[in-house]
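User: I am new to this structure. Can you walk me through it in short steps?

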Amino acid sequence: MKPALTTVNATGKHTASVIFFHGSGDTGPNVLEWVRFLIGRNLEYPHIKILYPTAPKQKYTPLDGELSNVWFDRKSVSIAASESKKSMSQCYEAVNQLIDEEVASGIPLSRIIVGGFSMGGALALHTGYHLRRSLAGVFAHSSFLNRGSVVYDSLANGPADSLPELRMYHGERDTLVPKDWGLETFENLTKLGVKGSFHPLRNTMHELKTASITDLQQWIYEKLPPLESQVQNKL
């Protein structure tokens, strides 16, 4: 099922895209408002479109099978739990459709960044290092991969050249997803050829912060700069 979509369009000519996946039980519009609250405005660029998809409701095992807006099901919120291959494969279909639509509109994979918060960040890691390795970058905030993740197997069995750059953020006081889980994930990915950076956030729980979104905003611009033609048009 295709996710519902909320977008912040480029204010000028659209030449790049960012897909921001929400955490479990949340929605795309809520993340958009959260970001707006933290930085006082939309995450907005002259040439970059920001997409905030919403996961369709499905039964979620950690909530005793209640329906929730989650990207995939899992046995528990634990780094030691195994991934649900069936649930992940269904999720991959929706993600690939989102990316394919951007490509069909004229945006190459090398001009697309995927990222997210919590479960959404895990989905971004699956997307950039298992499904679509030609993306421009991946960001993950307060996220982790399960120890036996298919992402690790995929990286171990594939070429390590030209992988998307990774940027991870994690609250030092996060009790839902401990920082150690995020750091372990980052270290495992770097051992498999991923290049990037891990940013611990002081006095931060399981949440987005103004400092991390401000840093992310700059990193996105650096990874997806205006095309030369757009710069020349301003001269």
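The questions below go from the whole chain to single residues.

User: What kind of model is this, and how many helices and strands does the protein chain have?

Analyst: This is a predicted model. Its secondary structure includes both helices and strands. The count for the protein chain is 7 helices and 9 strands.

User: What radius of gyration does the protein chain have, and what would a compact globule have?

Analyst: The protein chain holds 235 residues. A compact globule with that many residues would have a radius of gyration near 18 Å. The value for the protein chain agrees with this, at 17 Å.

User: Which box do the C-alpha atoms fill?

Analyst: The box is taken along the principal axes. The C-alpha atoms of the protein chain fill roughly 55 × 40 × 40 Å.

User: What share of the residues is buried?

Analyst: Buried means under 20% relative accessible area. Of the 235 residues in the protein chain, the buried share is 51%.

User: What share of the contacts comes from residues 24 or more positions apart?

Analyst: The contacts counted here have a separation of 6 or more. Within that set, residues 24 or more positions apart account for 75%.

User: How much surface does the protein chain expose, and what part do carbon and sulfur atoms supply?

Analyst: The exposed area is about 10700 Å². Carbon and sulfur atoms supply 51% of it.

User: How many positive and negative side chains are there, and how far apart are the centres of the two sets?

Analyst: The protein chain has 24 positive side chains and 23 negative ones. The centres of the two sets lie apart by 1 Å.

User: Where does H126 lie, and is it buried or exposed?

Analyst: H126 sits in helix α3, residues 119-131. Setting aside residues up to four places away in sequence, H126 touches E83, M88, Y92, L131, L145, S149, V150 and V151. Its relative accessibility is 2%, so H126 counts as buried.

User: How many salt bridges does the structure hold?

Analyst: Side chains of opposite charge can pair when their charged atoms come close. In this structure, the number of salt bridges is 6.

User: Which residue forms a salt bridge with K49, and where is each partner?

Analyst: The closest N and O atoms of the K49 pair are 3.2 Å apart. K49 is in strand β3 (residues 48-54), and its partner is in helix α2 (residues 85-104), 53 residues apart. Both K49 and its partner are buried. That partner is E102.

User: Which parts does the salt bridge of R132 with D100 tie together, and is R132 buried or exposed?

Analyst: The closest N and O atoms of R132 and D100 are 2.6 Å apart. R132 lies in the loop between α3 and β7 (137-141) and D100 in helix α2, so the bridge ties together parts 32 residues apart in sequence. D100 is partly exposed, with a relative accessible area of 40%. R132 has 16% relative accessibility, so R132 counts as buried.

User: Where are R167 and D215, and what is the relative accessible area of D215?

Analyst: The side chains of R167 and D215 meet in a salt bridge at 2.8 Å, N to O. R167 is in strand β8 (residues 165-171) and D215 in helix α6 (residues 210-223), 48 residues apart. R167 counts as buried, at 14% relative accessibility. D215 is partly exposed, with a relative accessible area of 28%.

User: How far apart are S89 and F20 in space?

Analyst: S89 is found in helix α2. At 35% relative accessibility, S89 counts as partly exposed. S89 and F20 are 69 residues apart in sequence. In space, C-alpha to C-alpha, they are apart by 19 Å.

Terms used. Residues are numbered from 1 along each chain as its sequence is written. This is a predicted model: local features need pLDDT of at least 70, side-chain atom pairs count only at pLDDT 80 or more; totals for chains, interfaces and linings use all residues. Side-chain values use heavy atoms; hydrogens and water are left out. Helices (H or I, at least four residues) and strands (E, at least two) are DSSP runs, numbered from the N terminus. The radius of gyration is taken over C-alpha atoms; the globule rule is 2.2 Å times the number of residues to the power 0.38. Buried means under 20% relative accessible area, exposed over 50%, partly exposed in between (1.4 Å probe, protein chains only). Contact means heavy atoms within 4.5 Å. Accessible areas come from the Shrake-Rupley method with a 1.4 Å probe; for residues, only the protein chains shown count as cover. Lys and Arg count as positive and Asp and Glu as negative; His and the chain ends are not counted. The place of a charge is taken as NZ of Lys, CZ of Arg, CG of Asp or CD of Glu. A salt bridge is a side-chain nitrogen of Lys or Arg within 4 Å of a carboxyl oxygen of Asp or Glu.
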